[in-house]
Amino acid sequence: MGRISSGEAAQSGGLPRAVSCGNASGRRLLSVAAFILCLSSAGVLQGNARRESTDRRRLIAARLALAQIGHPLAVLSKPASGKVSKLQKAAAAAVDRSPAPPVTPTAASASATVAPVPAPDPIVAYRGLGAWVDWFDYGHPWSADPASIVDQLAQHGVRTLFLQTGLWSESPDILYPGGVDSFLDHAHARGIRVVGWYLPGFTDIDHDLRASLAVLAYTSPSGQHFDGFAPDIEDLSAIQQAAQHAVTVSLPKGRGCPKGCTSTVVVDAPPAEVLARFNAGIAEYSRRLRQSVPAGTTLGAIVLDAKSMDGQPGYWVGFPWPEIGASYDVVLPMAYWSVTKPAACPAADATSYIRDVVTLTESLMGRPRPIHPIGGVADCLKPQDVSTYVDGTLASGSIGGSLYDLLTIEANPDKDAFWSALARLNS
């Protein structure tokens, strides 16, 4: 009876060749039972080979589909177009397929073992080039169509869309669900990830948490989900409003008030009190957010510019940097060096600014965290600014970068030069 060797299996690309049960004269010497047993063994080996080949093709198809779609959950969900490609069908079959019955290992099958699929990168949504869209830029009658915005992003090589979903002063948890659905569907169809961001006010932590968790739980009608969530931690106005109080004051006698009058005026709380409430609210919100999400959930934090804050320590004293480092996995500092420029907006070297922001942020947190510095604001930038911003971001070891915001870039006459420079962030 012939038998395949492991060496032959390796030469044939890891798949067994046909098994021979001997030549004609040899078969005459075999008993009937032995000959039947030989044929049966050949069929088993060939069947195993076909199954291993099919498994390998399915696994490769699944990997390709994941790479093209850019969203792990999208393999199992209905595409925005309602059509399923052969590649996506193969990927879904590879993911959904029930395990095959155990097969006794052989030298041939061992040589054909496929390496396991690597675990997903938990911070992939924050890597490379990003772009920002806030709530002013969609959901309104004058807004651009989300599909056309996504097409622009894809043309520029953007890997992640950062999409604002709400803010503390608005009651809906998700402001414009129709727009969100369209962004999710079209972005995932183009291989672009979507991170939702929300502006908390820190006066009603329950409201802030509900709106934040709504992003992580959101599902479009076609089954698409956000790839991440990051709160925008910067706004004191809710605290300032909540801390105001009415005071009655006496007015001096006069022609309109002969017997004396009183008036009620609204008085702002002392800045130190506002700042203390703000910092405490950030710490409580961040701690409760981390406790409320499933273990392993990646959270980003959009934070103030540490270099700018360093220039006005009395205004931002006590900002809870250690709590930011403890509660969030990725930090996105608003490294807006352009706000320090004169009104004429001359070109400036942003390299040292980005370096200082990254270094200060990590130092204040007291621990290293992956950082994605947000540059800009893009209306006061020159091509040289953007090029040096990219240089500084890459030199700092940051995992990605972006300019605030998309429509501001598009309105800049130098936008083509901006996008050309920003594309280097994908390297």
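**Helix faces, an aromatic cluster and loop contacts in a predicted model**

On the other side of helix 10 from its buried residues, Ala 272 and Gln 291 are exposed. This arrangement belongs to a predicted model, and the helix is described here together with the features that surround it. Helix 10 comprises residues 271–292, 22 residues in total. From its first C-alpha to its last it reaches 31 Å, close to the 32 Å expected at 1.5 Å a residue. Its buried residues are Val 274, Leu 275, Phe 278, Asn 279, Gly 281, Ile 282, Tyr 285, Ser 286 and Leu 289. Viewed down the axis of helix 10, these buried residues fall within an arc of 160 degrees, and therefore they line one face of the helix. The general geometry of helices bears on this pattern: an α-helix has 3.6 residues a turn, so residues three or four places apart point the same way. The cover over the buried residues of helix 10 includes helix 8 (205–217), strand 4 (228–231), helix 9 (237–243), helix 12 (313–316) and helix 13 (321–327).

Strand 4, one of the elements that cover the buried residues of helix 10, contains Gly 228. With a relative accessible area of 6%, Gly 228 is buried, because buried means under 20% relative accessible area. Not counting residues up to four places away in sequence, Gly 228 touches Tyr 126, Val 194, Val 195, Gly 196 and Val 215. Gly 228 and Trp 197 are 31 residues apart along the chain, and their C-alpha atoms are separated by 8.6 Å.

Helix 14 (351–365) was examined in the same manner. At 1.5 Å a residue, its 15 residues should span 21 Å, and this agrees with the 22 Å that separates its end C-alpha atoms. The buried residues of helix 14 are Tyr 353, Ile 354, Val 357, Val 358, Thr 361 and Met 365. Down the axis of helix 14, they fall within an arc of 130 degrees, so these residues too line one face of their helix. They pack against helix 11 (306–310), helix 13, strand 8 and helix 15 (383–395). Helix 13 also appears in the cover of the buried residues of helix 10. After helix 14 comes Gly 366, whose phi is positive, near 80 degrees.

Aromatic side chains provide a further set of links. A search of the whole structure finds 14 aromatic pairs. In one of them, Tyr 336 and Tyr 404 are 6.2 Å apart from centre to centre, with 35 degrees between the planes, and the pair is classed as tilted. Tyr 336 lies in the loop between strand 8 (330–335) and helix 14, whereas Tyr 404 lies in strand 10 (residues 400–404), so the pair ties together parts that are 68 residues apart in sequence. Tyr 336 counts as buried, at 15% relative accessibility, and Tyr 404 also counts as buried, at 18%. Both tyrosines belong to a cluster in which ring pairs link Tyr 126, Trp 132, Phe 162, Trp 197, Tyr 336 and Tyr 404. Two members of this cluster were met above: Tyr 126 is touched by Gly 228, and Trp 197 has its C-alpha atom 8.6 Å from that of Gly 228.

The loop between helix 6 (146–155) and strand 2 (160–167) holds His 156 and Gly 157. At 19% relative accessibility, His 156 counts as buried, whereas Gly 157, at 28%, counts as partly exposed. The two residues fall on either side of the cut-off, because buried means under 20% relative accessible area. Leaving aside its neighbours within four places in sequence, His 156 is in contact with Leu 129, Glu 410 and Trp 419. With Trp 419, the side chain of His 156 forms a polar contact of 3.3 Å. Gly 157 lies 262 residues from Trp 419 in sequence, but 8.5 Å from it in space, C-alpha to C-alpha. Gly 157 touches Leu 129 and Asn 426, not counting residues up to four places away in sequence.

These features are set within a protein whose secondary structure comes to 17 helices and ten strands. Of its 427 residues, 45% are buried. Among contacts between residues at least 6 apart in sequence, 78% join residues at least 24 apart. The protein exposes about 20,800 Å², and carbon and sulfur atoms supply 57% of it.

Note on methods
Residues are numbered from 1 along each chain as its sequence is written. This is a predicted model: local features need pLDDT of at least 70, side-chain atom pairs count only at pLDDT 80 or more; totals for chains, interfaces and linings use all residues. Side-chain values use heavy atoms; hydrogens and water are left out. Helices (H or I, at least four residues) and strands (E, at least two) are DSSP runs, numbered from the N terminus. Buried means under 20% relative accessible area, exposed over 50%, partly exposed in between (1.4 Å probe, protein chains only). A polar contact is a pair of N or O atoms within 3.5 Å; within protein, one must be able to donate a hydrogen and the other to accept it, and residues adjacent in sequence count only if both atoms are side-chain atoms. Contact means heavy atoms within 4.5 Å. The expected span of a helix is 1.5 Å times one less than its number of residues. The arc is that of the directions from the helix axis to the C-beta atoms. Rings of Phe, Tyr and Trp (its six-membered ring) pair if their centres lie within 6.5 Å; planes under 30 degrees apart count as stacked, over 60 as edge-to-face and the rest as tilted. Accessible areas come from the Shrake-Rupley method with a 1.4 Å probe; for residues, only the protein chains shown count as cover.
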